[in-house]
Amino acid sequence: MAETKHTKNQSGEPSRRPRRKGTAGGVALGILKVVGTLILIGCTTGAILACFAATYIKTVIIPQSEIDASAYAMNLSSTIYYTDPATGQAKELRTLHGEENRVKVDLEEIPEDLIDALVAIEDQRFWKHHGVDWRRTGGAFLNMFLGMKDTYGGSTITQQLIKNMTQNDDVTVKRKILEIFRALEFEKDYSKKEILEMYLNYIYLGENCYGVGTASLAYFGKPVSQLSLAECASLIGITNNPSRYDPYISDYTREQNKKRQEIILSEMKKQGYITEEEQEAAAAQELVFVGRGQGTTSTTAYSYFEDQLIRDVIADLKEAYDLSDQMASQWVYSGGLSIYCTQDPAIQAKVDAVYEDLSNFDAPSPNGQQLQSGITVIDNATGNVVALAGGVGEKTASLLTNRATQSQRQPGSAIKPLAVYAPALDLGVITPATVIDDSPYSFDGDGGAPWPVNSYGKYRGLTNVYVGVQNSVNTLAVKVLGQYITPQVAFDFLVNNLGFSTDHLVVQEERKGTVFSDIGLAQLALGGLTDGVTTLEMAAAYATFPRGGLYIEPRTYTRVERVDPDTGEVLLLLEDQAESHAAMKDSTAWYINSMLQNVIRSGTGTAARFDGMTIAGKTGTTTSRRDLYFAGYSPYYTAAVWSGYDQPERMSSSLQKQSAATWKKVMASIHEGLESKSFPAPSEGTVTVPVCADSGLQATEACQHDARVDAGGRIINMTFVKGDEPTAFCEVHKDVEICLDAPFLEADGSPNGMYHLAGEFCPAESRRTVSILELAREGAAAAVTVQDNQFTTGHITALGEAAYCDVHTTAPAPEPTEKPAIDPMDYTTWPGPEDYDNLEDYNRFNPFDESTWPENVNSSSGEQTPPPSETPAPPATQPPVSTEPPQTDIEEPFVPAA
């Protein structure tokens, strides 16, 4: 490596290179280089961003920028059609003239003062811009990006109209840019006057008033054309914030309306629309409001079905065409639509005949509430909603609360076939013969009490699923859910298979510090849901059973059409094709059908029974009878009924069968004249076999002599889908020997049906072999009285020695023998020496002197007594004879532990 040489100064230190002195020109040059670089970077970045922006606008914004106002036409009546079942032809059901409190007016009817007031306060450069006020828009963007108020009003009247039409009101850059382009395009196609007319007929002004024509009637009781300057300013003031400026809400909002009116009058004067004298006169004029509800002129009251139909079409139009609530509503009422609904007017008339008759619901609550009810009727073949009622009595207004489709109420036990038994059957973990103990599941009741309890107030012990469904046994439903499947499986089955909405069922939600969820035992086994479900959901789910397991999404319409005003072409706007899917096996549906038929025939649903039709159904009652449900079906129709009070109150016991009785009245009428037919059979076929009622398995000899019943009483015939029949034999029944002379007694001294086990001294004629249940209850089940418990091995074992006969406790005494008859003339009847206590007494015997006869003679000898002169021979020795019955090969009897 080459050596580096350093030059040193006189001090010996290395010499330093002399520094060059800088100049002002050099500094300036450096600054210019930096600035130039930044400008170049900025220009390059700007160009890149501009390219991105141009591409984004071209590909995203412009394709969405065109708004066809003809699609928002509000001057053509829409018509509802139904299909005549007899001919298949569409017939007119109803012409829609608009919602209550909606009156459309032409621009010529609107006072200039109203238009001037609007422009002055909302968009003072309206007449000059082309859809966008760039000055206000710039201010709005500046506020948005600098984090200032995001409510800065940058929208013009045109932009507000578009925003209301499309319901696109997100506070985002994309929305603002799209709104700008849409407004620019919109004003190319429509004049200022057309825009004003649409806007003034569209804006919301509180009190369910859409448009100034309706609001004029609602607030001032007069047509809009007759409004004064003061009233025009007051009316326009409401649109900015109806909840703040609606004069009917409170004295405060009336004061705020007045202040807003004066601001508008001031702006009108500043902008030259009115003079100072006109401003002062209008401000001084007293505003006379007619009062809430006094200015409405419409008396149209659509039916509950039509209300729901309108809601469904509005919702689907919003989703399909990105419309606002208001615009979609305008399409339905005044867009010239042809709406083809699913209602059957004949069936609806039968529903109305029951629901409009208040004598069917004459049971006011203790607080005076009218008993209410809702019903949905579905055609099983199509999934169509053919009729419904959302309340009782005459309907006097439109879009009232619909208790059939909107009110969410708890279904009680009506949820069991859907959430518990159907998924368990579908998974193959139970059959109707499966036996479960009717006893408490846990100590989760109030205060740690055994839970759940049954409606009949007791526990009956071993019960099969068939009987559990028949009698709506709560414990069986809880145990199937908790021990055979899980709450999560049940929840998923409801949502994924049977169409229940997670908008209604709660996954998990915190409310006021408490976490709620419908994924639980009480919620899904007993129907104690957080909010509840609708009769529409319940009817749609239950209709799956008579279809053999096919779920069809319910619908109120099949299609919506509109005629193009320019071409006359019929445009298909909406088509509801009713999504369907296999919700369960046909065998599952068949089992449920069989069990729910039995509910109506012999169980909790007998109040719904009517003759001449195959019907099935399930009751549902919530705590304190606050909600009563009945859901049932025939091969033709399914209906779900809810009854209760709008503000939940306890219903009297006399109303226990209210929903079932209402269902019967409606469905019996609907089925008049229809031929009875059966539910579909399972594809695998069926087989009927005898089974043990206490095990659900094939019966044994022990099952035939159960201690509780006569011979064969616990053997029942049950029908299974082929392949589901039991192959194993009962191991529940255990033979024991009892003593019929020693019954167990109740506290009042009456026999309880069970007998003590036979002891060693019990006579043969008192003994009997019976079978009891090999079962020992534990936990909550052992803490309560269960009706069959005294017939279980667990109970007998717990008794120890007390389980045995308390009547025959010692060996029986020998029976005294009768004195033989002595004939003095027949020596063969004379006694022998063995008949006397000693030989001396024997030697004194005189057959003619009774005082010498023996007092007692052993009759077991069976020997003849020789005369006194003869020496009696000793009796022959006989082998001992056993008094025990002969032994046979039988099962060892059950012997409890001491």
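Is Cys341 buried or exposed, and what is its relative accessible area?

**View 1. Cysteines in the predicted model, beginning with Cys341.** In this predicted model, Cys341 has a relative accessible area of 5% and therefore counts as buried, the limit for that class being under 20%. Cys739 is likewise assigned to the buried class, because its relative accessibility is 0%. No disulfides are counted in the model, and for Cys739 the nearest cysteine sulfur belongs to Cys762, at 3.7 Å, whereas a disulfide requires the two sulfur atoms to lie within 2.5 Å.

**View 2. Lys618 in strand β14, a buried lysine without a salt bridge.** Strand β14 runs over residues 616–621 and includes Lys618, whose nearest side chain of opposite charge, that of Asp438, is 14 Å away. A polar contact of 3.4 Å does, however, join the side chains of Lys618 and Thr619. Leaving aside residues up to four places away in sequence, Lys618 touches a set of residues that includes Ser413, Ala414, Pro417, Tyr542, Leu596, Tyr629 and Phe630.

**View 3. Helix α12, residues 304–321, and the residue that follows.** The end C-alpha atoms of α12 are 26 Å apart, which agrees with the 26 Å that its 18 residues should span at 1.5 Å a residue. Among the buried residues of this helix are Tyr304, Phe305, Glu306, Asp307 and Gln308, together with Val313, Ile314 and Leu317. Just after α12, Asp322 adopts a positive phi of about 55 degrees.

How values were computed:
Residues are numbered from 1 along each chain as its sequence is written. This is a predicted model: local features need pLDDT of at least 70, side-chain atom pairs count only at pLDDT 80 or more; totals for chains, interfaces and linings use all residues. Side-chain values use heavy atoms; hydrogens and water are left out. Helices (H or I, at least four residues) and strands (E, at least two) are DSSP runs, numbered from the N terminus. Buried means under 20% relative accessible area, exposed over 50%, partly exposed in between (1.4 Å probe, protein chains only). Lys and Arg count as positive and Asp and Glu as negative; His and the chain ends are not counted. A salt bridge is a side-chain nitrogen of Lys or Arg within 4 Å of a carboxyl oxygen of Asp or Glu. A polar contact is a pair of N or O atoms within 3.5 Å; within protein, one must be able to donate a hydrogen and the other to accept it, and residues adjacent in sequence count only if both atoms are side-chain atoms. Contact means heavy atoms within 4.5 Å. The expected span of a helix is 1.5 Å times one less than its number of residues.
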